[in-house]
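Here are my notes on the model you sent over. I've kept them as numbered points so you can follow along with the structure open.

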Amino acid sequence: MARSQGARLIPKTQAVSISILAALLLSGGVVATAQASGAEAGDAIDARILGYWQRGEGEAIIEVRRQADGYHGVIVTSGLRPETVGIEVFRGLKFDAENGSWHGRAYSIKRKREVDIDIEVPKADELELTAHILVFKRLVQFKRVPDSEVEGIQLADR
């Protein structure tokens, strides 16, 4: 094997060690990038559902927030039915990345029972809730209430 002037051969054991070290460094970089991407994706998912939602003018405002076991929605103000303030109406919502929606349970105040629900947020200010009641489905649409509008309203303790 010809050697260029000033160059020296690296023993095989050192070459193997350098290769292993390089592979470990590269894979560590990939893991760090994947974790950062996962955190960014989680923030984007949060931004889609977290906040204040209202079904219609004058209806209750529900605050969706994240907890350890999933996303939850609590009625924080209601002009028509103030006795419902503080009731948790969305429970244990989990995000399903495969179909881009949340699945969980909703408490029906009228029926005094829980039902399975799916939630999609097709636009930043629209939330579509599908309630599954026996073999029937019911679609309910919500609009996002900007934080600035909620600031002036007396909200329940959270």
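1. Start with the fold. In this predicted model, 8 strands make a closed barrel in the order S1-S2-S3-S4-S5-S6-S7-S8, and the pairing is antiparallel. On average, and ignoring direction, neighbouring strands of this sheet are turned by 35 degrees against each other.

2. For a closer look at one strand pair, take S4 (residues 88-96) and S5 (residues 101-108). They run antiparallel, and 5 bridges join them. If you want a specific position to click on, try Lys94: its bridge partner in S5 is His103.

3. Now the aromatics. How many aromatic pairs does a search of the whole structure find? The count comes to 3. One of them is Tyr71 with Trp102, an edge-to-face pair with 6.3 Å centre to centre and 85 degrees between the planes. The edge-to-face label applies because planes over 60 degrees apart count that way. Tyr71 sits in strand S3 (residues 70-77) and Trp102 in strand S5, so this pair ties together parts that are 31 residues apart in sequence.

4. Are those two rings' residues buried or exposed? Tyr71 counts as buried because its relative accessibility is 8%, and the cut-off for buried is under 20%. Trp102 is buried as well, with a relative accessible area of 0%. There is also a third partner to look at: ring pairs link Phe95 with Tyr71 and Trp102 into a cluster.

5. On the outside, have a look at Leu134, Val135 and Phe136, which make a nonpolar surface patch of about 420 Å². Leu134 belongs to the loop between strand S7 (126-133) and S8, while Phe136 is part of strand S8 (residues 136-145). Leu134 is exposed, with a relative accessible area of 76%. Phe136 counts as exposed too, at 57% relative accessibility, because the cut-off for exposed is over 50%.

6. Last, some backbone angles worth checking. Which residue in the loop between S5 and strand S6 (113-123) should you look at? That would be Lys112, which has a positive phi of about 55 degrees although it is not a glycine. Lys112 counts as exposed, at 64% relative accessibility. Leu134, from the patch in point 5, also has a positive phi, near 55 degrees, and is likewise a residue other than glycine.

Conventions: Residues numbered from 1 in each chain as written. Predicted model: local features only at pLDDT ≥ 70, side-chain atom pairs only at ≥ 80, totals over all residues. Heavy atoms only, no water. Pairing = 2+ DSSP bridges. Helix = DSSP H or I, 4+ residues; strand = E, 2+ residues; numbered from the N terminus. Axes fitted to C-alpha atoms, helices over the stretch in contact; angles between N-to-C directions. Patch = residues over 30% accessible without salt bridge, like charges linked within 9 Å, V, L, I, M, F, W, Y side chains within 5 Å. Areas by Shrake-Rupley, 256 points an atom, 1.4 Å probe, with all protein chains shown as cover. Salt bridge = Lys/Arg side-chain N within 4 Å of Asp/Glu carboxyl O. Buried < 20%, exposed > 50% of the residue type's maximum accessible area, 1.4 Å probe, protein only. Phe/Tyr/Trp six-rings, centres within 6.5 Å; stacked < 30°, edge-to-face > 60°.
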